[in-house]
Every structure is written in C-alpha cells, then in structure tokens.
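Student: I would like a close look at one part of this structure. Please walk me through it in one connected answer, starting from a single contact.

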Amino acid sequence: REAAQAGPAWAAACALAWGGPVPAHPVRVAGRDWRVRGSPADEAWRALGERGGEPEAERLARLARALRPGGGAGAVALDAGANLGLTVLALAAAWPGHAALHAAEPDPEVAAHLRWNLQAAGLDRARAWTLALGAADGEAAFRRELPNRATSHLFPHDRPDCDWKGET
C-alpha cells in the first residue's frame, strides 16, 4: 500500500532491491529511537542504517535545547531540503512542546519517505511539503544526485550541465 502511494519508481526500487516494501532502519536521534525509511539505492540511507544515527542531528538537538530550554513551546521550525527528516526528528526530540514543524523536500520519491518517517514517528504537528524553497519565485532545474540523494540540489535554468552525472 505504501509503495503504491509513494509512486511507481519507488515501488519498482523496492521490488528490485527487497522483493517488497522497504524496511525501516532503527535510528537513535537525541536520545530517542525512531524508524527511518529511504530508497534502497540511496547510499546515504544505507549508511544511516549502518551507523544507526547521525552526529549532525545530535548536535542540532543539543543546540536547539540550548536555544529554547523550555522545550520549544510555541516554536515553528522549517527544514528546507529535509531529505528523510533527521533534522525534523532532532527538533521534535529537542522541542517536545513545539507548535509546528515543516519539512520541504523537492524530490517526490524522497518526500514520500519523509512523510512515512514523520507519520511513523507520531509527529502529528509535522508537515511534509513536496516543494523547493528559494529566495524568489521562479523556476530552477532540480538535480537528483545519484547514488546519494542527500546531495541533490537546485540550479537556475541558465547554468550549464557540463559535469552533471545525475538526473535533472
């Protein structure tokens, strides 16, 4: 069911790599245990499963607690380029009293995993958006980096594709 909702490319990747739905890696962030799904072809997701956590997410949680020691009551946070949602998980653990967490991820396949991860974490005040954020309205080429989807990024239309090795 989840694969069908996430899209045919994700479902095909699951069938090819796992013979079914992608399992979730157990990940510890800010003293809490979470489950995180990603693409079987994504190096960053596979490495996360091997590590069982992310040092940057731990540092962010400590910083967030220091900035808002009261648990983040009333705080609204935005993660631009959220990927699988580790930053959101760190903020959720650091700020249990947060008002809202928003996660923007332009890659539709990664955004489907992000939605699953936030739902599995029980973060009903977190919302995933399938969109890119920038300084101005407009269009840009989205460059999906392969095999590490965490490094995908936007380029203005007028930038040359001279050394690009991913999907645009």
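**A contact, and the sheet**

Tutor: Let's start with a side-chain pair: Arg144 and Asp107 are joined by a polar contact of 2.9 Å (N or O atoms within 3.5 Å, one able to donate a hydrogen and the other to accept it; neighbours in sequence count only through side-chain atoms on both sides). This is a predicted model, in which local features need pLDDT of at least 70, side-chain atom pairs count only at pLDDT 80 or more, and totals for chains, interfaces and linings use all residues. Residues are numbered from 1 along each chain as its sequence is written, and side-chain values use heavy atoms, leaving out hydrogens and water.

Arg144 sits in the loop that runs between strand E6 (140–143) and strand E7 (153–156); helices (H or I, at least four residues) and strands (E, at least two) are DSSP runs numbered from the N terminus. With a relative accessible area of 15%, Arg144 is buried (under 20%; exposed is over 50%, partly exposed in between; 1.4 Å probe, protein chains only).

Now for the sheet. Three strands, in the order E3-E4-E5, make an open sheet with parallel pairing (DSSP finds at least two bridges between paired strands). Strand E3 (76–80) and strand E5 (126–129) are at the edges with a single partner strand each, so one side of each has no neighbour in the sheet. From one strand to the next, the twist averages 15 degrees. In the middle of that order, E4 has four of its five residues buried, so this strand is largely enclosed by the rest of the structure.

Look next at how E3 meets strand E4 (residues 100–104): the two pair in the parallel sense over five bridges. One bridge takes Asp79 to Ala103 in E4, and another takes Val76 to Ala100 in E4. Helix H5 (residues 86–94) packs on this sheet, touching E3, E4 and E5, and its direction makes about 170 degrees with that of E4. Helix H6 (residues 108–120) packs on the sheet too, touching E4 and E5, with its direction at about 175 degrees to that of E5. Contact here means heavy atoms within 4.5 Å, and angles run from 0 to 180 degrees between N-to-C directions of axes fitted to C-alpha atoms, for helices over the stretch in contact.

H5 is mostly covered, with eight of its nine residues buried. Among them are Leu86, Val88, Leu89 and Leu91, along with Ala92. Leading into this helix, Asn83 lies in the loop between E3 and H5. Asn83 is not a glycine, yet has a positive phi of about 55 degrees, and at a relative accessible area of 16% Asn83 is buried. Elsewhere, Ala30 in the loop between strand E1 (25–29) and strand E2 (32–36) is another non-glycine residue with a positive phi of about 55 degrees. Ala30 counts as buried at 10% relative accessibility.

Finally, two arginines lie over tryptophan rings. Arg127 is over the face of Trp129, 3.8 Å from the ring centre, and Arg37 is over the face of Trp116, at 3.9 Å from the ring centre (NZ of Lys or CZ of Arg within 6 Å of the centre and within 35 degrees of the ring normal).
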